[in-house]
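Visitor: I would like a close look at one part of this structure, the strands and the charged side chains around them. Please take me through it in one go.

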Amino acid sequence: MDKNSIFGLLLIAGILIGWMFLSKPSAQELARQQEQHDSILNLEQIKQKATVPLATNSANGSNLGKAGSVDSTVANRDSLKLSLHKKMYGDFASSAIGENKIITLENEVMKLNVYTKGGRIASAELKNYKTFDNKPLVLFDADSSAQSISLLLNSGVSSTDSLFFEPQQSGFTVTGTNSKSLAMRLYAGSKSKYIEYVYTLTGNEYMMGFRINTVGIQNSIAPNATALTL
């Protein structure tokens, strides 16, 4: 391994360590996450209670719940869930529901997996290196990394790591001196209001470009918030 390769690995390691340190949640964020967790548990308890009217009447063996009652129960449950999300996430409530998908970005030297939940890089693999037991050299995985923005909303402090971003492009492989980008958008109630992460790879480089764009979210953020907190 030449000096340039060693320097490159040390530089990448330093950037990743700094990134994870800056992304470490504060005490306020941890308290907010606990509050969200308690709210979700409360919602599950309410949902369980809501199924009671659908039980079978043991006296006559008939169903107490009719089709209309089922529809009403489901509608009430969904309304309650939406209300809870609105309380926690404000204008970003619609982004609180989704499916966590993996978008893969590759160049000649790296393979990155991006999660739609949180819009974050979940893992990074160096393709030209192996571990001592000849396995792929993974710099970090989803369980050992974190990346989020603290949102100072009118409804309180929340975090992007529990919200779902929408990819604007599919995964890609890029080579040579060509560059490609992936934009991940977190919508605030409409397609004209969002937070955007943009990841850029050049075919033969270890460095990854990353920038954050915000569009039209000024009314979704608390008036006293001077900036988004990373």
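Guide: What follows goes through the open sheet, its salt bridges, and then the neighbouring hairpins with one buried arginine.

The model is a predicted one. The open sheet has four strands, in the order β7-β9-β10-β11, and the pairing is antiparallel. At the edges stand β7 (166-167) and β11 (208-215); each has a single partner strand, so one side of each lacks a neighbour in the sheet. Within this sheet, β9 (residues 179-187) and β10 (residues 194-202) run antiparallel and are joined by nine bridges.

One cross-strand pair is worth following at the level of side chains. Arg185 stands opposite Glu196 in β10. These two residues also form a salt bridge, with the closest N and O atoms 2.8 Å apart. Arg185 lies in strand β9 and Glu196 in strand β10, so the salt bridge ties together parts that are eleven residues apart in sequence. Glu196 counts as buried because its relative accessibility is 7%, and buried means under 20%.

The model has four salt bridges, and two others involve lysines of the loop between β9 and β10. In one of them, Asp91 pairs with Lys193, and the closest N and O atoms are 3.7 Å apart. This pair links distant parts of the chain: Asp91 is in the loop between α3 (67-89) and β1, Lys193 is in the loop between β9 and β10, and 102 residues separate them. Both partners are partly exposed, Asp91 with a relative accessible area of 25% and Lys193 with 22%. In the other, Glu166 forms a salt bridge with Lys191, at 3.1 Å between the closest N and O atoms. Here the link runs from strand β7, which holds Glu166, to the loop between β9 and β10, which holds Lys191, across 25 residues. Glu166 is partly exposed at 37% relative accessibility, whereas Lys191 is exposed, with a relative accessible area of 54%.

Strand β10 also contains Thr202. Thr202 is buried, with a relative accessible area of 14%. Its side chain makes a polar contact with the side chain of Ser179, at 2.7 Å. Beyond residues up to four places away in sequence, Thr202 touches Asn107, Val174, Gly176, Thr177, Asn178 and Ser179.

Now to the hairpins. Strand β1 (residues 102-106) runs antiparallel to β2, joined by five bridges, and Ile102 stands opposite Tyr115 in β2. The hairpin from β1 to β2 passes through three residues. β2 and β3 likewise run antiparallel, with five bridges, and Asn113 stands opposite Ser123 in β3. The β2-β3 hairpin has five residues between its strands, and Gly118 in the turn has a positive phi of about 85°.

Arg120 sits in the loop between β2 (110-115) and β3 (121-130). Arg120 is buried yet has no salt bridge; Asp143, the nearest side chain of opposite charge, is 6.3 Å away. That distance rules out a salt bridge because the nitrogen and the carboxyl oxygen must be within 4 Å. What the Arg120 side chain does have is a polar contact with the side chain of Ser145, at 3.1 Å. Leaving aside residues up to four places away in sequence, the residues that Arg120 touches include Asn113 and Tyr115, along with Ala142, Ser145 and Tyr199.

Definitions and conventions
Residues are numbered from 1 along each chain as its sequence is written. This is a predicted model: local features need pLDDT of at least 70, side-chain atom pairs count only at pLDDT 80 or more; totals for chains, interfaces and linings use all residues. Side-chain values use heavy atoms; hydrogens and water are left out. Two strands pair if DSSP finds at least two bridges between them. Helices (H or I, at least four residues) and strands (E, at least two) are DSSP runs, numbered from the N terminus. Buried means under 20% relative accessible area, exposed over 50%, partly exposed in between (1.4 Å probe, protein chains only). Lys and Arg count as positive and Asp and Glu as negative; His and the chain ends are not counted. A polar contact is a pair of N or O atoms within 3.5 Å; within protein, one must be able to donate a hydrogen and the other to accept it, and residues adjacent in sequence count only if both atoms are side-chain atoms. Contact means heavy atoms within 4.5 Å.
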